[in-house]
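Biologist: I should be grateful for a close look at a single part of this structure. Please choose one helix and explain it step by step.

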Amino acid sequence: IVTQFTESNIHALFLSLTIVALILAITSLWVAWQHGFSFKTTGKAHRLVHWSPILVSRNDLSLLSLIAPLSFTLILRKSQQMVKAIAILSIALSAFVIVAYQSRGATITLIVALMAAAAFLRIKLALVLGLASATIVLIIDALLGFPLAERFSDLLDRPIPGRLEQWGVAW
């Protein structure tokens with residue numbers, strides 16, 4: 001497959017995926033806005049994601065996290081200003097959606113994926129981008145009243161986090 005793709009083909013693929021992420025993020029924000037960004041209960045956030053056959057659970061927002069490094073590559077490479085603007089908007093809206101829907105897995109994936117992309121492209125940028133990503137996530141969470149921080153703190157309140165307890169019974 002690699003021999004079939006030119007640099008311009010890869011650029012077009014990255015741009016296509018960036019646009020897909022942007023559309024998913026905008027649509028997810030629209031759904032969240034219609035419901036007043038009210039995700040105080042775990043079940044409600046999960047129900048709000050059901051508008052799409054692609055996003056069945058809020059953890060499926062990890063798709064946006066996985067596309068973010070491709071968008072980041074478009075920003076760093078020699079791209080047109082419009083392409084860079086689309087990529088920046090895609091990453092920003094993806095981050096907002098991930099925090100708004102309180103997806104812990106997608107949040108961690110977003111930060112790690114962007115740091116990894118930065119490490120491969122420009123090693124010195126990795127730490128800066130990791131800290132910037134974490135800061136942006138905290139700012140968005142603060143604007144929404146810290147719902148994501150509450151979900152992360154729930155992990156500390158339980159002896160065995162998440163579904164591990166149920167899985168332990170099965171074993």
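Modeller: The account below follows one helix, α3, and then turns to a pocket that α3 helps to line. The model is a predicted one. Helix α3 runs over 62–76 and contains 15 residues. From its first C-alpha to its last it reaches 22 Å, which is close to the 21 Å expected at 1.5 Å a residue. The helix nevertheless has a kink of about 30° at Ala68, shortly before the proline Pro69.

The surroundings of α3 come next. Eleven of its 15 residues are buried, and therefore α3 is largely enclosed by the rest of the structure. Here, buried means under 20% relative accessible area. Both Ala68 and Pro69 belong to the buried set, as do Ser62, Leu64, Ser65, Ile67, Ser71, Phe72, Thr73, Leu74 and Leu76. The buried residues of α3 pack against four helices, namely α1 (7–34), α4, α5 and α6.

Three of these names, α4 (81–100), α5 (104–121) and α6 (123–143), return in the lining of the second largest pocket, where they and α3 each supply at least two residues. The space in this pocket is about 230 Å³. Its lining has 13 residues, and those closest to the centre are Ile91, Ala92, Leu114, Ser133 and Ile136. Helix α6 provides the largest share of the lining, with five residues. In character, the lining comprises twelve nonpolar residues and one polar residue, with no charged residue.

Note on methods
Residues numbered from 1 in each chain as written. Predicted model: local features only at pLDDT ≥ 70, side-chain atom pairs only at ≥ 80, totals over all residues. Heavy atoms only, no water. 1 Å grid on protein atoms, 1.4 Å probe; cavity = no way out; pocket = protein on both sides within 12 Å on 5 of 7 lines; lining within 4 Å. Points joined across faces, edges and corners; volume = space filled by probe spheres on them. Nonpolar A, V, L, I, M, F, W, Y, C, P; charged D, E, K, R; others polar. Expected span 1.5 Å × (residues − 1). Bend = angle between axes of the 7 residues up to and from the residue. Buried < 20%, exposed > 50% of the residue type's maximum accessible area, 1.4 Å probe, protein only. Contact = heavy atoms within 4.5 Å.
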